[in-house]
Amino acid sequence: MIPFSYSRAGTAEQATAAAASGHRLLGGGTNLVDLMRRGVEQPERLVDVTGLSDDIRPTPQGGLMIGGAVRNAALAGHPAVRREYPVLSRAVLAGASAQIRNMATVAGNIMQRTRCAYFTDAATRGCNKRSPGSGCDAQGGFSRYHAILGGSSACIATHPSDMCVALAALDAQVHLASAAGLRVVPLVEFHRLPGDAPHLDTVLQPGEIITALELPPPPAAMRSAYRKVRDRASYAFALVSVAACVTVDRGTLTDIRLAFGGIAPKPWRALRAEEALRGTPATPQAIAAALALDFAEAKPLDGNAFKLPLASRTAMAVLADLIGDAA
Amino acid sequence: MSRVQNAVIGSVRTVVGWLPERWLPGGSPDPLIGRHGEVGRQLGHLDGPLKVTGAARFAAEVPLEQLCHAALVHSPVARGRIATLDTRAAEAAPGVVLVLTHRTMPRLEPVPLISITNMTAVGNSALPILQDPEIRYNGQVVALVLAETPQQADFAASLIDISYDEAPARTRFEAAKPQARTPASILVERNEEAVGDAEAALRQSAFQVDAIYTTPGHNHAAIEPHAVTAAWTGDRLVLHDATQAIAPTAAALAKLFDIRREDVRVLSPFVGGGFGAKGFWDHHVLAVAAARLVRRPVRLVLSREAVFRMVGGRSPTEQRVALAAEAGGRFTALIHTGYSVMPPYGACPEQYTLGSRALYRAQNVRFGQKHLDLDVVPNTYMRAPGEAVGSFALESAVDELAHQMSMDPIELRLRNDPEVHPLSGIPFSQRALAEAYRQGAEAFGWAARNATPRTRREGEWLLGMGCATGSFPYVRMPAGAVRIRLTRDGRASVACSAQDMGMGTATVQSQHAADRLGLPLAAVSFEMGDSDLPPAPMAGGSGQTVSIVAAVAAAATKLTGELLRLAGNASPLAGLRAGEVRLQEGGLVSLADPARRDSFDAILSRAGREDITVTESAAAPLEMFKYAMQSQSANFCDLRVSAVTGEIRITRLLGVFDVGTILNPRTAASQLRGGMIMGLGMALSEEVLFDERSGRIMNAGLADYHIPAHLDIPEIDVRWTGIPDPRSPLGARGIGEIAITGVAAAIANAVFNATGTRLRDLPLTLDKLLEEEGA
Ligand SMILES: Cc1cc2nc3c(=O)[nH]c(=O)nc-3n(C[C@H](O)[C@H](O)[C@H](O)COP(=O)(O)OP(=O)(O)OC[C@H]3O[C@@H](n4cnc5c(N)ncnc54)[C@H](O)[C@@H]3O)c2cc1C
Ligand code: SF4
């Protein structure tokens with residue numbers, strides 16, 4: 001680890017000013033500090049942003065505004081989140097460990113970097129995300145945790161967050177601030193696909209910070225579930241995860257939002273399946289056919305081909321449960 | 001190991017076979033067997049309060065003046081040479097005290113490898129340590145930096161600029177097979193053994209299984225990473241260490257650094273888990289050499305990643321097990337062969353076929369192991385080396401055969417349970433596998449199992465049960481002495497350089513010493529963890545407990561003799577010999593007439609002495625050759641498998657252990673339960689991700705190397721037959737390792753029962769299940 005300076009920002013303005021002058025933002029440090037220890041990240045200046053808003057408050061529209069510095073554990077345990085958005089609470093609790101969730105912030109969770117083993121080991125040579133143009137050792141190496149959708153020949157890393165999968169299904173919005181002003185980006189557009197620039201994880205611009213997350217009001221009568229498939233019963237990243245929110249009215253699926261984790265460089269909304277199923281009775285056959293629309297473009301490797309059947313089986317089981325319970 | 005060794009061991013067996021029993025250790029049973037004293041009592045760890053309050057100081061915590069801290073640099077390539085090396089920036093960095101590379105490291109001899117014939121040899125690797133610019137494996141240490149703080153050392157290490165001329169490395173398991181070596185022996189056993197024609201019998205039998213089972217590399221993950229704090233005063237060295245081998249480490253360091261043995265002191269009072277990892281590795285040599293150069297104490301604490309890179313783990317294996325039976329279930333053929341990695345500079349042969357040689361009677365057998373020579377950090381001993389992975393292959397195959405024959409797998413096992421050791425024909429000292437299975441089946445509810453796979457279900461969860469045998473040999477180390485000091489007030493202190501890696505050595509040895517010396521527990525103390533004490537053997541092979549017990553018993557006999565001599569003619573015991581009295585209730589008592597007794601106080605007072613001290617070693621462990629001494633266990637598993645995702649979740653584990661006398665039910669249950677948890681991890685998730693392209697471990701940390709998390713661990717029921725072994729000290733056989741054996745097979749067999757899918761490749765992950773099921 002290289003020596004670095006440490007300061008604290010008390011306001012968003014101080015934080016954006018620090019970001020603009022080349023500081024890296026430090027949340028709970030559960031990801032950044034690990035990567036600094038391993039020499040993957042080498043910031044010379046850190047600004048601690050855990051003093052920024054850690055409020056969770058209702059919005060005039062009936063949704064929730066969640067400060068970027070809210071700890072993961074606080075988010076999962078918040079009564080309004082548990083009541084109105086249980087899928088989010090469950091997704092957060094499915095991630096990491098109690099100790100890590102106590103430290104980790106919402107903004108840090110969104111910004112956490114891939115767990116690709118070749119990315120996190122600075123001594124391996126080929127990683128376009130860590131060192132642009134150096135290659136991609138995961139291809140032809142260990143790719144079990146890697147993407148089947150949305151990857152490119154340059155990079156097939158997945159975004160590891162559980163929380164973001166639920167946020168994608170909930171149509172969350174990310175609030176950003178910089179010296180130039182404020183802007184709002186839908187979470188599903190916040191993370192980038194790698195294309196030929198895998199070193200850029202997100203659309204966040206230099207000097208810009210995450211200030212908050214906004215959840216729109218939950219649809220009435222929404223039922224939701226988060227299911228995470230993993231190698232250990234706890235404390236393991238998702239091989240595949242599914243966040244689903246559905247509304248069923250007299251046997252018809254009037255609303256469905258379906259997102260996958262563990263299979264793509266970003267939380268993956270299955271928009272085609274949603275469209276195919278919305279307004280139908282959603283029989284098992286129809287669900288299978290609808291999922292196939294999204295998975296048609298999958299490019300699995302030997303090491304992760306199992307994710308294709310696994311993702312659809314898991315989604316089918318989750319949807320069958322939700323629809324069955326509603327009936 | 002050599003052909004010469006085969007001959008030596010062979011003749012020891014023959015000679016010992018001729019000798020009358022009463023001449024040998026174990027010839028007449030230990031009189032303490034079956035006595036209900038301190039041994040057998042539930043007793044918590046005596047050092048528990050020190051540990052939970054943080055008062056116990058581990059090797060990385062010893063406060064010393066002038067201490068400097070070390071950081072290491074590892075090679076990112078597997079083979080080649082250092083082409084350029086620039087240490088100037090590191091040397092100029094803040095706080096740096098020393099940069100050590102092959103250019104500046106003192107020239108040292110290679111470390112002698114662990115050996116059964118030389119108890120002072122402890123090396124796990126015979127490779128040179130910073131002696132030349134050669135790179136021999138990915139992860140090899142290429143530089144060490146000393147600085148005032150760990151952070152400064154770490155930063156300076158990152159400034160060392162090294163380039164490598166890479167050479168082709170041997171890193172591929174499959175590609176190494178054509179050059180595999182066939183060693184003459186595996187530990188003390190001849191490697192290749194055959195009786196009859198097993199291949200022919202296999203072809204001709206009514207039922208047969210012939211399959212390849214594979215297990216990945218496993219890495220050590222004890223809670224405390226390796227650490228040493230080395231301090232020289234002139235030519236005297238004190239090393240605060242976390243080690244399973246105190247006396248051998250002191251001897252090895254003395255030899256290596258050319259100082260007198262009595263000028264080295266290794267202190268290791270507490271060790272945060274060993275499992276075979278805490279032997280002698282490069283960090284010992286590096287820290288001691290660096291401390292000598294700078295004339296300041298040096299602390300070297302391995303990072304978790306460094307433990308993966310420079311301390312070996314369990315070798316991957318590819319094993320063939322073929323098993324055939326006639327209609328009645330009698331085994332007609334048993335073949336167990338395979339490949340594992342063992343570079344010539346390593347010490348551990350991963351003896352995966354040894355367990356199979358003692359477990360079943362078969363008309364025709366063939367055993368043999370082949371070693372692959374790869375450019376890797378040498379693998380080492382890891383809890384039940386050999387048996388842990390060997391039992392997975394063997395016991396899966398037995399289950400496969402039972403299924404094919406529509407026979408209960410317990411029944412099939414018991415029909416082939418041998419009366420004598422199947423290869424040597426030597427009688428077992430004690431063996432009650434059938435009893436273990438009987439107890440286990442009843443407690444577990446084995447009768448509820450449906451033998452037809454994929455028949456029990458709860459919602460999406462397929463339910464299954466499986467069982468498997470575990471086994472581990474009895475080992476008593478051929479060395480070790482203890483000192484007993486008895487004072488007039490009837491207190492005894494027993495001392496030797498024993499190791500406690502958390503098992504409860506001091507606790508159990510105190511219990512034993514109390515009984516052996518006829519004193520209450522509170523009057524006995526057990527000193528250990530210091531190489532200045534009489535040398536104990538290394539803690540390995542689950543043999544430390546009985547090795548020390550034997551030495552204490554020998555010392556107690558000597559003490560008895562000396563006390564009788566001191567007691568003299570004024571004693572009520574006058575005229576009796578050592579064999580005619582015993583130590584009891586704070587004195588000596590005549591065996592024939594318990595009314596004749598003399599207290600320690602009286603004897604020492606009359607002799608005008610405050611205390612008496614004796615030091616003695618145990619007799620050579622010849623009982624190991626006279627009898628077949630083997631522990632066994634019956635493992636049961638109840639689990640569920642998601643029909644949707646293939647996730648495997650364990651509902652219950654139960655183990656019944658036939659391991660001789662249980663010395664302390666509380667520490668034993670915890671040891672056995674821990675072993676079963678490790679077996680569960682081996683079954684479901686533990687796997688070194690070794691990238692064969694680079695020879696590099698890609699999951700060198702606990703976030704990615706998956707040991708079981710709390711939620712993975714079910715209710716675990718631990719039981720034992722409790723039948724003493726009449727040939728071993730206290731009737732005990734050692735329980736450190738057996739519990740990991742057989743667990744993975746019991747789990748794999750239960751997965752088959754639940755799903756109808758047979759997985760032969762560890763770990764049993766859901767992708768393999770989905771693939772086999774053709775999802
Ligand atoms: C062993 C382990 C297991 C884990 N398992 C899981 C799991 O199963 N599921 C899961 O979802 N996660 C898991 N995690 C990841 C964990 O969720 C993240 O490490 C955590 O959410 C990061 O939050 P943080 O506040 O600690 O971020 P930090 O480490 O402080 O920062 C992460 C990144 O966010 C940036 N950042 C921080 N705040 C802001 C801001 N306001 N605006 C812009 N950028 C910002 C930082 O500069 C940095 O680049 C695991 C982590 C570990 C170590
Ligand atoms: S998948 Fe992406 S992160 Fe992983 S090695 Fe390839 S480029 Fe790097």
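**View 1. Strands E12 and E13 of chain B run parallel, joined by 4 bridges.** This close-up comes from a predicted model. In the pairing of E12(B) with E13(B), B:Val238 has B:Arg265 as its bridge partner. E12(B) covers residues 236-241 and also pairs with E11(B), here in the antiparallel sense and over 6 bridges. Within that second pairing, look for B:Thr233, whose bridge partner in E12(B) is B:Arg236. The hairpin of E11(B) and E12(B) has 2 residues between the strands, and B:Gly234 takes a positive phi near 60° there.

**View 2. B:Glu224 and B:Lys278 form a salt bridge in chain B.** The closest N and O atoms of the two residues are 3.1 Å apart. Follow the chain and you will find that the pair links distant parts, 54 residues apart. B:Glu224 sits in the loop between strand E10 (207-215) and strand E11 (227-233), while B:Lys278 belongs to the loop between strand E13 (264-267) and helix H8 (282-294). How accessible are the two partners? B:Glu224 has 11% relative accessibility and counts as buried; B:Lys278 is also buried, at 1%. Because the cut-off for buried is under 20% relative accessible area, the value of 11% places B:Glu224 in that class.

**View 3. B:Phe275 has a positive phi in the loop between E13 and H8 of chain B.** Its phi is near 60°, a positive value in a residue other than glycine. B:Phe275 counts as partly exposed, with 32% relative accessibility. The loop between E13 and H8 of chain B also holds B:Lys278, one of the partners in the salt bridge with B:Glu224.

**View 4. A:Arg272 and A:Glu297 meet in a salt bridge in chain A.** The distance from N to O is 3.1 Å. A:Arg272 lies in helix H10 (residues 271-277) and A:Glu297 in the loop between helix H11 (284-295) and helix H12 (307-326), so this contact ties together parts that are 25 residues apart in sequence. A:Arg272 is partly exposed, with a relative accessible area of 42%.

**View 5. A:Asp171 belongs to a network of salt bridges in chain A.** The other members to look for are A:Asp255, A:Arg257, A:Arg269, A:Glu274 and A:Arg278. A:Asp171 has a positive phi of about 60° although it is not a glycine. You can find A:Asp171 in the loop between helix H8 (163-169) and strand E6 (173-178) of chain A. At 32% relative accessibility, A:Asp171 counts as partly exposed. For context, the structure holds 78 salt bridges over all chains.

**View 6. B:Asp691 and B:Arg693 form a salt bridge in chain B.** Their closest N and O atoms are 2.7 Å apart. Is each partner buried or exposed? B:Asp691 is buried, with a relative accessible area of 4%, whereas B:Arg693 is partly exposed at 36%.

**View 7. A set of 15 residues surrounds ligand 2.** Which residues come nearest to ligand 2? They are A:Cys116, A:Cys127, A:Cys136, A:Cys155 and A:Ile156. By class, the shell around ligand 2 divides into 10 nonpolar, 3 polar and 2 charged residues.

**View 8. The largest cavity holds about 110 Å³ of space.** The structure has 9 cavities of 30 Å³ or more. The largest cavity is lined by 15 residues, and those closest to its centre are A:Lys129, A:His159, A:Arg192, A:Asp201 and A:Pro265. Sorted by class, the lining of the largest cavity comprises 6 nonpolar, 5 polar and 4 charged residues.

**View 9. The peptide bond from B:Leu762 to B:Pro763 is cis.** Omega for this bond is near -10°. B:Pro763 is found in the loop between helix H19 (743-755) and helix H20 (766-772) of chain B.

**View 10. B:Ala167 lies in the loop between strand E6 (161-166) and helix H5 (173-176) of chain B.** B:Ala167 is partly exposed, with a relative accessible area of 33%. Along the chain, B:Ala167 and B:Val4 are 163 residues apart, and their C-alpha atoms are separated by 36 Å.

Note on methods: Residues numbered from 1 in each chain as written. Chains lettered and ligands numbered in written order. Predicted model: local features only at pLDDT ≥ 70, side-chain atom pairs only at ≥ 80, totals over all residues. Heavy atoms only, no water. Near = heavy atom within 4 Å. Nonpolar A, V, L, I, M, F, W, Y, C, P; charged D, E, K, R; others polar. Salt bridge = Lys/Arg side-chain N within 4 Å of Asp/Glu carboxyl O. Buried < 20%, exposed > 50% of the residue type's maximum accessible area, 1.4 Å probe, protein only. 1 Å grid on protein atoms, 1.4 Å probe; cavity = no way out; pocket = protein on both sides within 12 Å on 5 of 7 lines; lining within 4 Å. Points joined across faces, edges and corners; volume = space filled by probe spheres on them. Pairing = 2+ DSSP bridges.
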